[in-house]
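Hi everyone, thanks for coming. Could you get the structure up on your screens and turn it around a bit while I talk?

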Amino acid sequence: MLALRRTTVETMPSRTLLATGLGTAAAAVIGSIASKAGVETWYPTVRKPRYVPPNVVFPIAWTSLYTDIAVTSAATIDRLRARDAAAAKGYTAALGLNLVLNAGWSWLFFKAHKLGPSAVAAGALAVSSADLARRTAQVSPAAGLALAPYPLWCTFATVMSTDIWRLNR
């Protein structure tokens, strides 16, 4: 019975996963609120480089990335809490900043149509995402590797944002 109980507890989602899941979902919803009208009306009129993927790619990519962020961050925070509460708080703060930058980009780009500032914000998000992946890898190399697509995608988004700004000045 004890073995069954231990297995059940170990496989239950942690409160941390619930928190990181809610945090990433909030960033997604806040970003989507800003993006919806812009994607439908303004974005089709913007000059874009040829390498920009079709619109259908973005929700698929972001849903996968948000899931990845929530899961790897929860595991990292749980491990850090077990050995260094201050490091866990630092990681949590870095995650919070990252999610604010993430949602904020959509407001700058799609809602305010501020192409230059959105390119700068995308760069800040890429740096923040790389920092999050680095912090994750320090705790678990496997989790850090799992999170690696996030800063790569954000770097790609920075290049796209910068080229869209350049083409539309």
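Okay, let's start with a pair of helices. The axes of helix 3 and helix 7, which covers residues 149-167, come within 10 Å and cross at roughly 140°. So helix 3 counts as oblique to helix 7, given that an angle has to be over 145 degrees to be called roughly antiparallel. The crossing of these two, helix 3 and helix 7, is left-handed.

Who's doing the touching? On the helix 3 side you've got Val 57, Phe 58, Ala 61, Trp 62, Leu 65, Asp 68 and Ile 69. Helix 7 answers with Pro 149, Tyr 150, Trp 153, Cys 154 and Met 160. Sort the residues of this contact by class and you get 11 nonpolar, no polar and 1 charged.

I should say that this is a predicted model, so keep that in mind as we go.

Let's zoom out for a second. What is the secondary structure of this chain made of? It comes to 7 helices and 0 strands. Reading from the N terminus, the elements simply go α-α-α-α-α-α-α. Along its principal axes, the C-alpha trace spans about 65 × 25 × 25 Å.

Back to helix 3, residues 57-83, and this time its partner is helix 4, residues 85-111. A quick general point: you describe two packed helices by the angle between their axes and the distance between those axes. Here the angle is about 165° and the axes are 7 Å apart. That makes helix 3 roughly antiparallel to helix 4. Their crossing is left-handed.

From helix 3, the residues in this contact include Trp 62, Tyr 66, Ile 69, Thr 72 and Ser 73. From helix 4, they include Ala 85, Tyr 91, Leu 95 and Asn 102. This contact of helix 3 with helix 4 divides into 10 nonpolar, 5 polar and 2 charged residues. If Trp 62 sounds familiar, that's because it is in the helix 7 contact and in the helix 4 contact.

Next pair: helix 4 and helix 5. Their axes come within 9 Å and cross at roughly 155°, which means helix 4 is roughly antiparallel to helix 5. The crossing is left-handed. By class, the contact of helix 4 with helix 5 has 14 nonpolar, 7 polar and 2 charged residues.

Last stop, the pockets. How much space lies in the largest pocket? About 690 Å³. There are 26 residues lining this pocket, and Ser 35, Phe 58, Trp 62, Ser 106 and Phe 110 lie nearest its centre. The elements giving two or more residues to the lining are helix 2 (15-42), helix 3, helix 4, helix 5 (115-139) and helix 7. As for classes, the lining of the largest pocket splits into 17 nonpolar, 8 polar and 1 charged.

Try finding Trp 62 on your screens: it is one of the residues nearest the centre of the largest pocket. That's me done, thanks!

Terms used:
Residues numbered from 1 in each chain as written. Predicted model: local features only at pLDDT ≥ 70, side-chain atom pairs only at ≥ 80, totals over all residues. Heavy atoms only, no water. Axes fitted to C-alpha atoms, helices over the stretch in contact; angles between N-to-C directions. Helix = DSSP H or I, 4+ residues; strand = E, 2+ residues; numbered from the N terminus. Parallel < 35°, antiparallel > 145°, perpendicular 65-115°, else oblique. Left-handed = near helix turned anticlockwise from the far one by under 90°. Contact = heavy atoms within 4.5 Å. Nonpolar A, V, L, I, M, F, W, Y, C, P; charged D, E, K, R; others polar. 1 Å grid on protein atoms, 1.4 Å probe; cavity = no way out; pocket = protein on both sides within 12 Å on 5 of 7 lines; lining within 4 Å. Points joined across faces, edges and corners; volume = space filled by probe spheres on them.
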